[in-house]
Amino acid sequence: MASGGGHVAALWTEVNRCGQNGDFARALKAVNKILHEAKDDITALHCKVVCLVQNSSFKEALNVMNNYSKLLGNDLVVFEKAYCEYRLNRVESALKTIEAASEQTDKLKELYGQVLYRLERYDECKAVYTDLIRNSQDEYEEERKTNLSAVVAAMSQWGESSPEDLGLSETTYELCYNAACSLIGQGQLTEALNKLKQAEELCRVSFADDTDMTEEDIESELAVIHSQMAYIMQLQGRTEEALQRYNQVIKLNTNVCLSVCLSLPQDQNVFDSKKKVKLTSTDGVEHKLARRQLQAIDFNKALLAMYTNQAEQCRKLASGLQTQNPGQPRPVLVQVAQLCREKQHGAPLKVILHAFNSCDILRLIEDFKHKQGMVSALVSMYSHEEDIDSAIEVFSQAIQYYQSQQSGSPTHLALVREAANFKLKHGRKREAISDLEQLWKQNPKDIRMLAQLISAYSVVDADKAKSLSKHLPSPDSMALKVDVEELENSHGATYIRKKAAKPAGDAVPKEQGNVEIKKKRKKKKGKLPKNFDPKATPDPERWLPMRERTYYRGKKKGKKKEQVGKGTQGTTAGGSADLDASKTASSPPTSPRPGSASSSASGAVPPRQQKPATASGATRKKVPQKKKKSGKGGW
């Protein structure tokens with residue numbers, strides 16, 4: 001007994017009886033009365049936490065454990081604390097609580113497997129359930145196998161590698177359903193559909209003897225199986241049958257978000273589809289679906305927003321998807337389609353180039369991404385960006401493709417050789433070893449490849465390099481017998497060693513008729529100035545401009561040149577002064593006086609009859625002008 005007294009003992013009896021009957025609400029009232037009498041009773045506190053968990057009051061239970069953490073400790077209620085965090089969707093906190101436990105009990109391992117499944121860490125989850133099935137024997141073995149088959153189905157659909165067949169029996173409809181989901185992930189749609197039909201029959205048989213299950217309850221239980229059938233029909237192109245199945249499931253008001261998400265064909269009523277999509281927005285749905293299922297829902301919501309002309313909502317959803325999945329092209333394509341609907345034809349290219357670099361765009365071309373030219377282009381671009389890991393990844397994917405399709409072909413071996421050289425060039429000798437070994441096994445006589453392999457192993461494993469060096473040929477066998485003199489004197493040699501000159505006495509004179517006389521070209525003498533004096537010392541400043549020479553004094557000023565052309569046209573200033581008769585004392589008057597004798601007697605020529613003298617004293621001849629011809633050819 002945790003506390004004394006008859007009243008407290010009666011309360012403990014009440015707690016025990018209610019716990020056995022499953023009446024945890026009444027048991028909680030009794031526990032609270034006990035805690036009113038003894039606040040620090042550890043057993044009563046533990047019982048209160050259990051009652052709150054059974055009543056799904058997870059927040060209140062977690063508050064009790066946090067408030068009394070010193071009394072309860074870490075190990076006493078570690079399972080209850082982790083379970084409350086798991087049910088409150090605090091999965092990361094639950095994982096830390098479980099990993100911090102000092103002892104991993106079976107029920108804690110069961111919860112650990114559930115937490116790993118929610119975190120989509122399927123490989124670790126599979127290992128936990130495999131260990132539980134192997135090391136435990138109780139009534140929960142069938143349930144553990146069901147959980148393990150669910151993990152295998154998830155790995156098949158959303159994992160990166162195909163899981164191995166664990167040989168689980170398909171005796172229940174849950175196991176049969178999970179096996180069908182695994183076949184869907186492997187692309188075996190017909191076999192998966194047959195397996196779902198088998199699961200439907202097993203489900204009906206299992207509930208046939210249960211009087212508490214109505215036909216409506218059975219249909220609700222079968223809704224998940226029918227939704228997967230509809231999904232397979234949709235993948236097979238049987239759209240009408242799939243849509244009919246989807247509508248039957250939706251009428252049951254069950255939580256089938258993935259089915260609704262995948263039932264959005266473009267040629268149907270988009271407004272009706274918009275009403276159906278609202279079912280995916282209910283609280284808690286995001287915690288029950290895998291990450292890829294949620295991405296599919298958001299993608300279809302973005303498409304629906306585009307078809308209903310909700311441009312801003314479409315861009316918002318597509319942008320969110322692109323942030324969550326930077327390497328996925330589908331969100332970018334939705335944005336491009338929306339821009340095209342808005343007739344912004346120049347914007348899509350900018351969106352694509354902003355979302356992807358050139359390497360990502362090239363790798364999206366499935367038909368050519370393993371071709372040699374594409375591999376070469378991608379490796380060159382990644383090398384330019386100094387992204388060596390991505391370049392090696394391109395090589396690895398191409399080699400794996402040809403390994404499965406054309407193993408040992410010239411293309412396959414050429415890619416392996418280029419990959420090995422690339423890794424060696426960038427100092428990745430450890431990664432190049434597998435490629436070099438493969439090439440050496442194909443051609444053991446390739447000495448160069450063996451030398452590269454030894455060089456790579458010398459960094460990783462010196463003993464292995466030493467053992468491989470035994471396969472190298474001896475130096476004597478590798479020596480080449482070459483006549484150096486003959487090689488140097490050959491026609492194609494770029495360097496010829498000069499032979500020693502013979503003594504003068506040994507020279508043999510050539511015949512006179514065979515002597516070829518070479519004509520020497522005469523050098524032309526340079527032209528000298530006219531006033532060149534060979535005896536005079538040349539001016540040392542002759543190469544400098546005149547203004548920069550020391551003896552330059554500038555131009556002399558003060559003497560003006562005789563002005564020309566200042567008087568009458570054809571005369572000079574000096575000439576006009578000489579012709580002025582008024583300035584000459586002995587000159588006769590220029591005109592006769594009235595009443596005097598006739599001027600012709602003196603022989604003088606009147607001024608008006610004088611003709612101006614030309615510069616040469618000769619008379620000017622008139623140049624005859626040409627007659628202008630009339631355009632009409634007449635007078």
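**Entry 1: two loop residues**

I started at K343, which I found in the loop between α19 and α20 (347–355). The model is a predicted one. I looked up the backbone of K343 and noted a positive phi of about 60°, although K343 is not a glycine. I then asked whether K343 is buried or exposed. K343 has a relative accessible area of 66% and is therefore exposed, since the cut-off for exposed is over 50%.

I turned next to S56, which sits in the loop between α3 (42–54) and α4 (58–67). S56 is not a glycine either, and I read a positive phi of about 65° for it. The relative accessible area of S56 is 47%, so I entered S56 as partly exposed.

**Entry 2: the protein as a whole**

I looked up the overall composition. The protein has 635 residues, and 30% of them are buried. I listed 30 helices and zero strands as its secondary structure. Taking the contacts with a separation of 6 or more, I noted that 45% of them are between residues 24 or more positions apart.

I also checked the confidence. The mean pLDDT of the protein is 78, and 74% of the residues reach 70 or more. I asked which elements have the lowest and the highest mean pLDDT. Helix α15 (residues 257–261) has the lowest, at 45, and helix α6 (residues 78–87) has the highest, at 94. In residues 613–623 the pLDDT is below 50, and I found zero contacts for this stretch beyond near neighbours in sequence. I wrote the matching note for residues 627–635: pLDDT below 50, and zero contacts in the model beyond near neighbours in sequence.

**Entry 3: α17 and α18**

I went on to helix packing. Two packed helices are described by the angle between their axes and the distance between the axes. For α17 and helix α18 (residues 311–324) I read an angle of about 155°, with the axes 8 Å apart. The two helices, α17 and α18, are therefore roughly antiparallel to each other, the cut-off being over 145 degrees. The crossing of α17 past α18 is left-handed.

I then asked which residues of α17 and α18 meet. From α17 I noted Q295, D298, F299, K301, A302, A305 and M306. From α18 I noted Q313, C314, L317, A318, L321 and Q324. Sorted by class, this contact of α17 with α18 has eight nonpolar, three polar and two charged residues.

**Entry 4: α17 and α19**

I stayed with α17 and looked up its packing with α19. Helix α17 (residues 291–307) and helix α19 (residues 330–341) pack at an angle of about 5°, and their axes are 10 Å apart. That angle makes α17 roughly parallel to α19, as angles under 35 degrees count as roughly parallel. On the α17 side I listed F299, A302, L303, M306 and Y307. On the α19 side I listed R330, V334, A337, Q338 and R341. The contact of α17 with α19 divides into seven nonpolar residues, one polar and two charged.

**Entry 5: α22 and α24**

I looked up a further pair, helix α22 (residues 372–384) and helix α24 (residues 410–425). Their packing angle is about 10°, and their axes are 12 Å apart. That makes α22 roughly parallel to α24. Q372, V375, V379 and S383 of α22 make the contact with T411, A414, L415 and F422 of α24. I counted the classes as five nonpolar, three polar and no charged residues.

**Entry 6: two buried residues**

I finished with two helix residues. A154 is in helix α10 (residues 141–158). The relative accessibility of A154 is 2%, so A154 counts as buried, given that buried means under 20%. I then asked which residues A154 touches, not counting those up to four places away in sequence. They are Y117, Y122 and G159. From A154 to C181 is 27 residues in sequence and 8.0 Å in space, C-alpha to C-alpha.

L196 has its place in helix α12 (residues 189–206). I read a relative accessible area of 0% for L196, so it is buried. Leaving out residues up to four places away in sequence, L196 touches Y177, A180, I225, Q228, M229 and I232. I also noted C176, which is 20 residues from L196 along the chain, with 7.1 Å between the C-alpha atoms.

Conventions: Residues are numbered from 1 along each chain as its sequence is written. This is a predicted model: local features need pLDDT of at least 70, side-chain atom pairs count only at pLDDT 80 or more; totals for chains, interfaces and linings use all residues. Side-chain values use heavy atoms; hydrogens and water are left out. Axes are lines fitted to C-alpha atoms, for helices over the stretch in contact, and angles run from 0 to 180 degrees between N-to-C directions. Helices (H or I, at least four residues) and strands (E, at least two) are DSSP runs, numbered from the N terminus. Angles under 35 degrees count as roughly parallel, over 145 as roughly antiparallel, 65 to 115 as roughly perpendicular and the rest as oblique. Contact means heavy atoms within 4.5 Å. Ala, Val, Leu, Ile, Met, Phe, Trp, Tyr, Cys and Pro count as nonpolar, Asp, Glu, Lys and Arg as charged, and the others, Gly among them, as polar. pLDDT is the predictor's confidence in each residue, from 0 to 100. A crossing is left-handed if the near helix is turned anticlockwise from the far one by less than a right angle, and right-handed if clockwise. Buried means under 20% relative accessible area, exposed over 50%, partly exposed in between (1.4 Å probe, protein chains only).
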